[in-house]
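Here is a short briefing on one protein model and its ligand. Look at the structure first, then work through the points below.

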Amino acid sequence: MYRVVERRMIVPNLHELTVEAPQVAAAVRPGNFVILRPDETGERVPLTVAGWDAAAGTVTSVFLQVGASTAKLARLKAGDAIPTFAGPLGNPAEIEKFGVVLCVGGCYGIGTIFPIARALREAGNRVYALVEGRSRYLLYWQDRLREVSAGVIEVTRDGSAGYTGHITRLPEILNLEKISPDRIIVNGCTFLSMRTSAVTRELGVKTIVSMNPIMIDGTGMCGVCRLTVGGKTKFACVDGPDFDGHEVDWEEFLARRKTYNPEEVQPLRRSGCSSHY
Ligand SMILES: Cc1cc2nc3c(=O)[nH]c(=O)nc-3n(C[C@H](O)[C@H](O)[C@H](O)COP(=O)(O)OP(=O)(O)OC[C@H]3O[C@@H](n4cnc5c(N)ncnc54)[C@H](O)[C@@H]3O)c2cc1C
Ligand code: FES
């Protein structure tokens, strides 16, 4: 069993979860993910790592409460134990000296982009962070990101912080900020990754996205996480989760993600849980 060190809501519906898992903490790299189960009957939930402390033997993730399993995770408290915490899984993010790197994070991706931004800075890059959300109250960790970057740009759909609108304004924002990235890395929901990739294709800037298909084993055995990248079939758990956003077949990816939506609502109805559905 794995002891929960802390679980707290950082902004509405988004929680920070820290679990004692010394072997994972000793081996994890930025961009890796773990698969955990909230209880003995729960399904396997993949979560990207947002932090770790090798000395304390702890691993931290940020998760969005969307359905039955993440609702169970949202009820965990310090001292509880969970039966499964497997990892580190997936390939770590590519950390090299690229030059100027823009790290884009939305939703849980604001948390998971943090260790990537830190590692890129340590590798000698000039790193900028862009955090986006519906409103100011959904943004978090700007202070942490400021410590590891040359600047943090905020984009909110309602204009309550930073630039008003959506990530589709990226070319204009980069112009105004006088930033000319050599590489863009996106963590967060599928739409953020897809829309960022669409605008950066026009800019001609290589864009790496962290893909989050439905997963079961996370080790390349079940085939559930398959997607098409550059015309080839890939398994996100072992070939990714990072891929070139300009090569992902987004239409197919979105269609596959919706496969179990009717079934996923059933356990929520049975448990009387609410979510943002
Ligand atoms: C490699 C990877 C890393 C991820 N990292 C994070 C993270 O750091 N933070 C975070 O909040 N979420 C992350 N996710 C997504 C997270 O795993 C799902 O939101 C979660 O499993 C949903 O479980 P649920 O029962 O609460 O919701 P469900 O009711 O099962 O589903 C709600 C929605 O989530 C999607 N979903 C369901 N199961 C999965 C699954 N196993 N993988 C991906 N999507 C799923 C469904 O298509 C549906 O749209 C990641 C997914 C992957 C594959
Ligand atoms: S999750 Fe089973 S092959 Fe990737």
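This is a predicted model. Around ligand 1 there are 25 residues, and Glu43, Pro46, Leu64, Thr70 and Arg257 come nearest. The protein covers much of the ligand's surface, and two seven-stranded open sheets appear below, one antiparallel and one mixed.

**Polar contacts of ligand 1**

- Threonine 70 uses its side chain: an N or O atom there is 2.4 Å from an oxygen atom of ligand 1.
- Proline 46 uses its backbone instead, with an N or O atom 2.7 Å from an oxygen atom of ligand 1.
- Proline 213 also offers a backbone N or O atom, which lies 3.0 Å from a nitrogen atom of ligand 1.
- On its own, ligand 1 has 840 Å² of accessible area, and the protein covers 93% of that area.

**The shell around ligand 1**

- The shell residues divide into 15 nonpolar, seven polar and three charged.
- Four elements each supply at least two shell residues: strand 4 (45-53), strand 5 (58-64), helix 2 (68-73) and helix 9 (261-271).
- Which strand gives the most to the shell? Strand 4 does, with four residues.

**The antiparallel sheet**

- Seven strands form this open sheet, in the order 6-1-2-5-4-3-7.
- Strand 6 (81-82) and strand 7 (84-89) stand at the edges. Each has a single partner strand, so one side of each is left without a neighbour in the sheet.
- Strand 4 and strand 5 run antiparallel and are joined by four bridges.
- Aspartate 53 has threonine 58, in strand 5, as its bridge partner.
- Helix 3 (residues 109-122) packs on this sheet and touches strand 4 and strand 5. The direction of helix 3 makes about 45 degrees with that of strand 4.

**The mixed sheet**

- This open sheet also has seven strands, in the order 11-10-9-8-12-13-16, and its pairing is mixed.
- Strand 11 (163-164) and strand 16 (242-244) are the edge strands, and each pairs on one side only.
- How do strand 12 (residues 183-187) and strand 13 (residues 206-210) run, parallel or antiparallel? They run parallel, and four bridges join them.
- Isoleucine 184 has threonine 207, in strand 13, as its bridge partner.
- Helix 3 lies across strand 8 (100-106), strand 9 (126-133) and strand 12. Helix 3 runs at about 165 degrees to strand 8.

**Putting it together**

- Strand 4 both supplies four residues to the shell around ligand 1 and pairs with strand 5 through four bridges.
- Helix 3 touches strand 4 and strand 5 of one sheet and also lies across strand 8, strand 9 and strand 12.

Methods. Residues numbered from 1 in each chain as written. Chains lettered and ligands numbered in written order. Predicted model: local features only at pLDDT ≥ 70, side-chain atom pairs only at ≥ 80, totals over all residues. Heavy atoms only, no water. Near = heavy atom within 4 Å. Polar contact = N/O pair within 3.5 Å; in protein donor to acceptor, adjacent residues only side chain to side chain. Areas by Shrake-Rupley, 256 points an atom, 1.4 Å probe, with all protein chains shown as cover. Nonpolar A, V, L, I, M, F, W, Y, C, P; charged D, E, K, R; others polar. Pairing = 2+ DSSP bridges. Contact = heavy atoms within 4.5 Å. Axes fitted to C-alpha atoms, helices over the stretch in contact; angles between N-to-C directions.
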